[in-house]
Amino acid sequence: MKSKKVFLTFLISLIIIFTGGISASVSLAQKTTRATTQVATEDTTEETTEKENNSAFRISATASKTTGDDYYDVTITAYSDLLDFSGYARLSIVNAIDDSIEFDTRIVLPEKTEKSFTIRIPETGDMNGEFSIELSLLDDKKNPVYSCRDDDLFVAAMAEAVYIGVLADDFSKLSYLDLNGQKIYKVDQELPIELVELTADNIGNEIEKLTYMIIDDYDTTKLDPAAISRIEAFVNSGGVLYIGTGANEDKATKGFSSRFIDAEITGHSKQQVYSYMTGDFIDITVSTINYGSNYYYTSYSIPGTYKREGKGVLVLNEISFSDPDFINMDDMEAILYNSYSDTFSATGFYYSYYKDEGQDLGYIQEYFKSIEGLKKVSITGLKWIIFIYVLVIGPVLYLILKKTNKREFFWIAIPVITIIFVVAIMIYGGKFKLSTRNISNVTIANADGSGVRKTYMAVFSSKSGTVSVDLKDTINGLGTVFRTYGNYNGRKEIDYVVNYDGGRTSIKHIGDSSFDKGYFVGLSDNKKSGMLSLKDTGWSTGIAGTLTNETEYNFDYILIYKDDAVVVTKGLQAGDKLAVSSNIVYSNLYYYPGDSAGIAERFKDSDRIDYRELSALLLALDDLSNDSDEIIIGITSEYETFATGDVNELSLGCIYSIGTIE
């Protein structure tokens, strides 16, 4: 009886413990459900806005881009409210079928902590497309815990105003240059104008935000050489510089080199100038300017001419902006507005938004069909091995066996000799074996050290599936080339991945089969290496003259682009000169971006020029042709590599100079 009581007591205790455990489990499940609800992916519809703001996590991004930059700096900010978080912050950009990309950055967020970091994304292809952009937080296993949308990330990177810097002895006289509050259309939106008073002391700090600079009635010899170089770099990187003359003649031009301002001012006089805006003739003081050969007239604007200089525009006006006769002209605001629009539309910065004929993922794919980084098999060597095998297994073996009277060994001699030659072919072909991971690079860098180096990368594998490559820390920005046509709504597939983890950067192409290629663009800091220049004597005979290589590189070939004509010459050692006409290996009177992608294939069996390097040169020209009408590009096959680890890498360097054809 006692034993029964003990058993019943034990049984009741088990039931209590079990039911209590169920209750605790239910309670824990409810808490877990609530926690999971807090970290679940949020919708972006209006109904969920309040819910999203109350989430345990927040993540947002802002993009910035200054005049002339070929990249966006995207600052991502993440916040954790209720939990310690360890994982990744992800930026996903979904576009067309094979150029979508995601950026994963390792991040640790203690409870109630906010952290920010910046990633650099190259501006390539159509960056104004209708992207599907998603920001996410992922746990350590890369499972999403929170996400939100920001499809206008890159559109919102546009400036809030158009800044015009004015350098003059009397800034107050030129306050009318802001169009009295009128907005100006810049690329794809109307923006207000803000004037910035420049001095010799503040140019270095203020010039970064400017779109235009106006120098008038100011002696530029008072500027130190660093300020002059900074102004020239501003123009080369996409800015517009106006210089006023008139009664002041060359006062504002004297501090600049004759190469930058290739014009001579010989005096001034009072003249009647016709205003296309009002249809009237106006008496005004106009300087006499002998312009260089690269200037173009702006007929409906301020009297004067302009020229492309790098990505920017230099405008040399025949009047002074501080001349009362000019200031008091009727319809002055319309004249200025027209001038600002004309000159900005001539910049490479402007064309970078509308280059339907420019760089595109389809063109890049075509170019890299020639620039594959594959090791070339020597057919000549293979032919000799086969010839010797046929010779040995045929007449040589027959004569030897006949002379030694050993014909009965013929049946064993043939297999033995065959095995020997098969082994020889395997050993010979082994050096052409393709690595599991392969990367081909074409780096484009300005020889004067300005801007950043841009590297186009094709990543592929000799085996099926995804390929991942670690990169050196010299790469400070990564992205892909976006197609110029639409976003596929609802598509969530990602083809490319950039991973930042513990100071290490890696790129990954998600492929299905061997030789699937992923196309990336890397950015790295540039360095000054000298200059390529041409003393042009072509005129009616095409591109001719003497090339000078004042860089540190030995070039295999040099491409010259002038007035839509293209010439490629043989190589040029560092410090040497070369007569163009006696060394031409390729020429074309008409150049069309993108259409040149298939040209290199025609030289595949030619010994005149390496078709892979020709393809790389034309790729570089595609990238640069919006910046200037005159470019010199040298290519070297001895350029630095960017991948780490066991990777077969081909790295070509295209070093260029703009505005050095005289």
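**Strands, helices and loops in the predicted model**

Thr548 sits in strand β27, which spans residues 545-549. The model is a predicted one, and in it Thr548 comes out at 16% relative accessibility, so this threonine counts as buried. Setting aside residues up to four places away in sequence, Thr548 touches Met531, Leu532 and Ser533, along with Leu572, Asp576 and Lys577.

A little further along the chain, strand β32 covers residues 630-636, and 7 of its 7 residues are buried, so the strand is largely enclosed by the rest of the structure. In a regular strand the side chains alternate between the two faces of the sheet. In β32, Glu630, Ile632, Gly634 and Thr636 point one way, while Ile631, Ile633 and Ile635 point the other way, and all are buried. β32 pairs with β28 (residues 555-562) in the antiparallel sense, over 6 bridges. It also pairs with β33 (residues 648-658), again antiparallel and over 6 bridges. Ile631 ties into both pairings: Tyr561 has Ile631 as its bridge partner in β32, and Ile631 in turn has Ile658 as its bridge partner in β33.

Back towards the start of the chain, there is an open sheet of 3 strands in the order β1-β2-β5, with antiparallel pairing. Here β1 (57-64) and β5 (113-122) stand at the edges with a single partner strand each, so one side of each is left without a neighbour in the sheet. On average, neighbouring strands of this sheet are turned by 20° against each other, direction ignored. The antiparallel pair of β2 (residues 71-80) and β5 is joined by 10 bridges, and one bridge links Thr75 to its partner in β5, Thr118.

Turning to the helices, α4 (residues 225-236) has 12 residues and reaches 16 Å from its first C-alpha to its last, close to the 16 Å expected at 1.5 Å a residue. Its buried residues are Ala227, Ile228, Ile231, Glu232, Phe234 and Val235. These cover an arc of only 150° around the axis, which puts them on the same side of α4. Pro225 and Ala226, on the other side of the helix, are exposed. What do the buried residues of α4 pack against? Their partners are α3 (203-206), β12 (212-215), β13 (240-243), β17 (304-309) and β18 (312-317). Both ends of α4 have something to show. At the N-terminal end, Asp224 acts as a cap, with a side-chain oxygen 3.0 Å from the backbone nitrogen of Ala226. After the helix comes Gly238, which has a positive phi near 125°.

In helix α8 (residues 361-370), the buried residues are Leu361, Gly362, Ile364, Tyr367, Phe368 and Ser370. They pack against three strands and a helix, namely β19 (437-446), β20 (452-461), β25 (517-525) and α11 (611-624). Ala597, in the loop between β31 (584-588) and α11, also meets this part of the chain. Ala597 and Ile364 are 233 residues apart in sequence, yet their C-alpha atoms are 8.0 Å apart in space. Leaving aside neighbours within four places in sequence, Ala597 is in contact with Tyr363, Glu366 and Tyr367. With a relative accessible area of 4%, Ala597 is buried.

Some loop residues are also worth a look. Asp152 lies between β7 (144-149) and β8 (162-167), and at 51% relative accessibility it counts as exposed. The C-alpha atoms of Asp152 and Glu130 are 8.3 Å apart, with their positions 22 residues apart in sequence. Most residues other than glycine have a negative phi, and most peptide bonds are trans. Leu179 goes against this with a positive phi of about 60° although it is not a glycine, and Asn180 likewise has a positive phi, of about 50°. Leu179 is in the loop between β8 and β9 (184-186), and Asn180 is found in that loop too. Are these two residues buried or exposed? Leu179, at 0% relative accessibility, counts as buried, whereas Asn180, at 58%, counts as exposed.

Note on methods
Residues are numbered from 1 along each chain as its sequence is written. This is a predicted model: local features need pLDDT of at least 70, side-chain atom pairs count only at pLDDT 80 or more; totals for chains, interfaces and linings use all residues. Side-chain values use heavy atoms; hydrogens and water are left out. Buried means under 20% relative accessible area, exposed over 50%, partly exposed in between (1.4 Å probe, protein chains only). Helices (H or I, at least four residues) and strands (E, at least two) are DSSP runs, numbered from the N terminus. Two strands pair if DSSP finds at least two bridges between them. Axes are lines fitted to C-alpha atoms, for helices over the stretch in contact, and angles run from 0 to 180 degrees between N-to-C directions. Contact means heavy atoms within 4.5 Å. The expected span of a helix is 1.5 Å times one less than its number of residues. The arc is that of the directions from the helix axis to the C-beta atoms. A polar contact is a pair of N or O atoms within 3.5 Å; within protein, one must be able to donate a hydrogen and the other to accept it, and residues adjacent in sequence count only if both atoms are side-chain atoms.
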